[in-house]
Amino acid sequence: MAQGVRSLVWFRSDLRVADNAALFEACRRASGASGNGVVAVFLISPGEWAAHDFAPIKVDFILRSLAVLSADLAKLNIPLLIETAKTPKDIPGVLVALVKKHACDELHFNKEYEVNEAKRDAAVIDAFSAARLKAYAHTDQICVEPGEIRTGEGRFFTIYSPFKRAFFKHWDKIGGCPTLAKPSRQAETGIAPSPVPETHAASEPTGPSGRDHWRTRWPAGEHEAMKRLRQFCADSIVSYKDRRDFPGTDGTSMLSHHLAVGTISPRQCLEKGIEANLAANKGLKGNPLENGSPGPVHWISEVLWREFYVHVMVGFPRVCMHRAFQVNTEAIVWNDEPKLLEAWKQGRTGVPIVDAGMRQLLRDGWMHNRVRMIVAMYFTKDYFLNWRLGEKFFIQNLIDGFLASNNGGWQWSASTGTDAAPYFRIFNTYNQSEKFDPDGKYIREFVLELRDVQGPAIHDPEQLPGLLRSRLDYPKPLVDRVKAREKAIDAFRKLRPV
Ligand SMILES: Cc1cc2nc3c(=O)[nH]c(=O)nc-3n(C[C@H](O)[C@H](O)[C@H](O)COP(=O)(O)OP(=O)(O)OC[C@H]3O[C@@H](n4cnc5c(N)ncnc54)[C@H](O)[C@@H]3O)c2cc1C
């Protein structure tokens, strides 16, 4: 006699079987092999993808990750259906119809926190309630639900360090955020899984590199994500603090794309980070998130920046609607210079480290964090262009595009955000280049015109003697750094508090 309820699990940015709160709960309530079975669905949502500027490389990565997910779910007897909802407005109707068609009792999904996504999910819950069906939303994309960690005055944190301290306290209080066991095999449903499309109009390459490169560069699915996490923790996490800022080395985990589509969870990251910390520090006392080896502790802290930015987005939803966190900075009149914007987008600014970063973005759909900071600061301070344009271009091209972190990073660089870089502390791009790419290895990999340039001129080809410089097919910088800096500082100095 079958027991338990039959659930539909709606996958979105959580494309994994292990440690997935919605799937775990649906399977628990279905009562395993003697139960009523579990059905899964992913909605291809071209309207949403277009409205939110999903990069083709990210859509391609999602499709490839879905193929892995579908195979893994099939091993648990859970069919993954692939349906289309042209616009977000169609989603509630599609889901209610699916639940009815497959005799499901309820819907489970993991929360997404952007304003439009939260509205969409509220509409789904309303539609289910109107149809006398149940829909459950779970916390999964981050470790702690936004709002659970607040300042002494009950507000959302706006500065990272006190947020992190409060997170550690909360972690101790709730006994950590353990990962969830992988679900067991469920009862057969007799429903066939859908074929997973290999491509979609939204995954068509538009830049200089194509699918073959994407697919070699970024293997998809949760097994690849876990392999990468394990490898990073075994080989590199201990030296992370020393190597993380050097784009010419493989010093970081390169897991952001997996976190963005949910082929790995932040809980899994913290668990493995803690394990690495404990392995390096036998008998470690105190909270292993914050005590122990500098490498793991620093990496854990970076993972928590992502958590912080999601909490900020929920506490201050304006940041998700093209508005500045520091409201008074909305009075800034940014430059309107299409020529500068184009040069930056194409990686032809004449500043090697900036061009290397932008060409890495165009080739790989990814950029090293230090270089993201450099190119964003150059964009917003030296070019004095509106951070919203840079934010958009990043999302349109990043495989790891994630609104909360992207917006956080851009507003940090523009000095308009939470915990932002003070407006008068503008990176000297050339010093950054010399410090973090000392031998020019990173620049030479991406700016091929400069590959034969030797010595410090790799950072600033204008230092080359006239004849040598004239032989380079490489643009000259378009702005005077000193004047640009003065202009930016002046514009911020004139702002009035709101
Ligand atoms: C202008 C700008 C835009 C950015 N846009 C995005 C984006 O769209 N998506 C995105 O995931 N990250 C973004 N970041 C943050 C960061 O650059 C990337 O997360 C990081 O480079 C990914 O590489 P990794 O996985 O090797 O990171 P690691 O150094 O190994 O860090 C581990 C994880 O911690 C998180 N993390 C690390 N640094 C940050 C940070 N500064 N802010 C938030 N989370 C962080 C990421 O999820 C990352 O995968 C942006 C940063 C800046 C300055």
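This report describes the domains, the ligand shell, several helices and a few single residues of one structure. The model is predicted.

## Domains

The chain is divided into three parts: domain 1 (7-141), domain 2 (143-178 + 220-315) and domain 3 (327-493). Taken over C-alpha atoms, the centres of domain 1 and domain 2 are 26 Å apart. Where these two domains meet, 17 residues of domain 1 are in contact with 18 residues of domain 2. The side of domain 1 that touches domain 2 consists of seven nonpolar, four polar and six charged residues.

## The shell around the ligand

The ligand is surrounded by 28 residues, and the closest are Thr252, Ser253, Asn369, Asn406 and Gly409. By class, the shell holds 13 nonpolar, 10 polar and five charged residues. Domain 2 and domain 3 each contribute at least three residues to this shell.

Which helices each supply at least two residues of the shell around the ligand? They are helix H10 (256-261), helix H12 (294-315), helix H15 (369-382) and helix H17 (403-414). Helix H17 gives the most, with six residues.

Asparagine 407 also lies in helix H17. This residue counts as buried because 24 other C-beta atoms lie within 10 Å, and the cut-off for a buried residue is 20 or more. Leaving aside residues up to four places away in sequence, asparagine 407 touches Val319, Cys320 and Glu391. Asparagine 407 and arginine 323 are 84 residues apart in sequence, yet their C-alpha atoms are 10.0 Å apart in space.

## Three helices and their lengths

The length of a helix can be checked against its number of residues. The expected span is 1.5 Å times one less than the number of residues. The table sets the expected span beside the distance between the end C-alpha atoms.

| Helix | Residues | Number of residues | Expected span | Distance between end C-alpha atoms |
|---|---|---|---|---|
| H3 | 56-75 | 20 residues | 28 Å | 29 Å |
| H6 | 160-174 | 15 residues | 21 Å | 21 Å |
| H11 | 266-280 | 15 residues | 21 Å | 21 Å |

For helix H3 the expected span and the distance agree. They agree for helix H6, and also for helix H11.

## The surroundings of these helices

In helix H6, the buried residues are Phe163, Lys164, Phe167 and Trp171. These residues lie on the same side of H6, because they cover an arc of only 95 degrees around the axis. On the other side of H6, Ser161, Lys169, Asp172 and Lys173 are exposed. Helix H12 is included in what covers the buried residues of H6. After H6 comes glycine 175, whose phi is positive, near 75 degrees.

Helix H11 has these buried residues: Pro266, Gln268, Cys269, Leu270, Lys272, Gly273, Ile274, Ala276 and Asn277. Their cover includes helix H8 (222-235), H10 and H12. H12 therefore appears both in the cover of H6 and in that of H11.

Is helix H3 largely enclosed or largely open? In H3, 15 of the 20 residues are buried, so this helix is largely enclosed by the rest of the structure. Asparagine 77 follows H3 and has a positive phi, near 70 degrees.

## Positive phi angles in loops

Most residues other than glycine have a negative phi. Two loop residues other than glycine have a positive value here: aspartate 53, with phi near 60 degrees, and alanine 103, with phi near 50 degrees.

Aspartate 53 lies in the loop between helix H2 (46-51) and H3. With 17 other C-beta atoms within 10 Å, aspartate 53 is partly exposed. Alanine 103 is found in the loop between helix H4 (91-101) and strand S4 (106-110). Why is alanine 103 classed as exposed? It has 12 other C-beta atoms within 10 Å, and a residue is exposed if that number is 12 or fewer.

## A residue of helix H5

Alanine 118 lies in helix H5 (residues 115-130). Alanine 118 is partly exposed, as 17 other C-beta atoms lie within 10 Å. From C-alpha to C-alpha, alanine 118 and tyrosine 474 are 46 Å apart in space, and in sequence they are 356 residues apart.

Definitions and conventions. Residues are numbered from 1 along each chain as its sequence is written. This is a predicted model: local features need pLDDT of at least 70, side-chain atom pairs count only at pLDDT 80 or more; totals for chains, interfaces and linings use all residues. A residue is near a molecule or strand if its C-beta atom, placed from the backbone, lies within 6 Å of it. Helices (H or I, at least four residues) and strands (E, at least two) are DSSP runs, numbered from the N terminus. Ala, Val, Leu, Ile, Met, Phe, Trp, Tyr, Cys and Pro count as nonpolar, Asp, Glu, Lys and Arg as charged, and the others, Gly among them, as polar. Domain bounds come from an automatic or database domain assignment. Two residues are in contact if their C-beta atoms, placed from the backbone, lie within 7 Å. The arc is that of the directions from the helix axis to the C-beta atoms.
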